Amino acid sequence: MKHTASLLSITLACAAVATPQGRPVDWPSIGGDARRSGWEKSDIRITKDNAKDFKLVLKRKLEGPTAGARALTPPVVIGLLISYKGFKELGFVAGNSGDLWSIDVDTNKEFWHQRYPVAKGGSALCAGLASAPSLVPPAVFGGRRPAAGAVRPAQLPARLGGGGFGGPRPIYFVAGDGKLRQVNTSDGSDRFPSLDFMPAGSKVSNLVMTDNTVFAASSGNCGGTPNALYAIDLAQEETKPVSFPLPAGDAISEFAVGNNGMVFVQTSTQLYALSGKDLQRKAALTLGSAKATATVTAPTVFEYKGKDLVAAARDGKIYLIDSEAPDAPIATSAQVGNIGAGLSTWEDGDGVRWIAAPVHGAVSTELKAAASNGAAPNGSIVAFRIEDKGGKPELVPAWVSRDLKAPVAPVVTSGNLFALSTAGRAVLYGFDWATGKELYSSGAQVTAPGSLTGLTLANGRVFFTTTDNTLYGFGIFLEI
């Protein structure tokens, strides 16, 4: 026992030496967490002063996917894996070809590669979309407050055991056969037999794993599967997936899970509030017009003055909803413009809550006063502060960024906001999150348009993919 304890101490000490920026952080799912905040709270390698020093630190072509704007996902990242090959920071990228890659993001080498079944038949749109996997979130921010009266199992099933800091936590992935796979992050093997989860042929959304439950949505009516949200509680010995089907013609974009376990799903007609384990409908809220819209933006959930608030976009406006009473908005922004992807949110050092939205095309007339650039014609990031006015929150326009082309949802950390201009040649920009001042531009280093699948931020680097199936990483260079 003493020998084991000593070995563990030496291992963790070596891990600390191998990661001088502090304890490594994970980016376990698209959007960074189950709340889709886009905020990495603890990346201490990046500062406002060194954002200008970002360099191209990773460029890797991935063969297999059919090229397209959503053919390749950005990576989810495990900050430290103590593997049979030593200490590793790994990024996991999925393609529409059924490929799942594990990339050593420090050395730009493939760590392992698996290919899974792809959906048969369906439209070109269905075949062209990739679904990101999800890691078990770290306890520091991945857990949630237990619901009132919640009873947790005295002992979790074996499939949820093991891992820990530096250990081979599993990564969850759904392929074209609809099976949920639990993949060993160390070598790509299946840790346990796959589980029935979704109908075969489904177009699967990006996965989220939180509170021992995996969530995913089917969309596009691909493979004849109705649009629905699915959940499977892995803390149960006998797993049984549950679903929340949408009315015919309604479509899901993405979804967010709150600290109270509620799931918020923005569709082309409604914002649904569902209970987290059994997906029972608690509320359905029409934001803006009742007419169905083709553009559906993922919501985000955040804590504000002791409450979970939901921010959702529709008809060019941002709405705030109290997650405990989701029957009507408690605040509505001015007209913003065509909000083209998910929202991001963070809290600054003074406790001020912010929300940022990527806008495709020019911002509205109402927001031009907040623009220091003459209101960019192609697109921009629009940032709002939340201020209390008469005891109620209000969305106050703060700044509008320089011109960006078809930006995706930004990611934020340490006073910085990073945004990707995707059209033409992709360009990564860094901005001061309080003022919108430009701090960094990747210039002409990327030669293809950016994927519309989003950004990842972890351990001093920002990652994204492009339509020619290339993975890029920009950030603070670290010699190893």
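Strand β7 (residues 170-174) runs antiparallel to β8, and five bridges join the two. Two strands count as paired if DSSP finds at least two bridges between them. Strands themselves are DSSP runs (E, at least two residues), numbered from the N terminus. The model is predicted, so local features need pLDDT of at least 70 and side-chain atom pairs count only at pLDDT 80 or more, while totals for chains, interfaces and linings use all residues. Residues are numbered from 1 along each chain as its sequence is written, and side-chain values use heavy atoms, with hydrogens and water left out.

Look at the register of this pair. Pro170 stands opposite Asn184 in β8. The two strands form a hairpin, with four residues between β7 and β8. In that turn, Gly178 has a positive phi of about 80°.

β8 has a further partner to follow. Strand β9 (residues 195-196) pairs with β8 in the antiparallel sense, over two bridges. Here Lys179 has Asp196 of β9 as its bridge partner. How many of the six residues of strand β8 are buried? Five are, so β8 (residues 179-184) is largely enclosed by the rest of the structure. Buried means under 20% relative accessible area, exposed means over 50%, and partly exposed lies in between (1.4 Å probe, protein chains only).

Next along the chain comes an open sheet. Its four strands have the order β10-β11-β12-β13, and the pairing is antiparallel. The edges are β10 (208-210) and β13 (242-245). Each has a single partner strand, so one side of each is left without a neighbour in the sheet. Neighbouring strands of this sheet are turned by 20° against each other on average, direction ignored. Such angles are taken between N-to-C directions and run from 0 to 180 degrees, with axes as lines fitted to C-alpha atoms (for helices, over the stretch in contact). Within the sheet, β11 (residues 213-218) and β12 (residues 228-233) run antiparallel and are joined by six bridges. Ala216 faces Tyr230 of β12 across this pair.

Another open sheet lies further along. Four antiparallel-paired strands make it up, in the order β27-β28-β29-β30. β27 (411-413) and β30 (438-441) are the edge strands, and each pairs on one side only. The average turn between neighbouring strands of this sheet is 20°, direction ignored. Inside it, β28 (residues 416-421) pairs with β29 (residues 427-432) over six bridges, in the antiparallel sense. Leu417 has Phe431 of β29 as its bridge partner. In a regular strand, side chains alternate between the two faces of the sheet.
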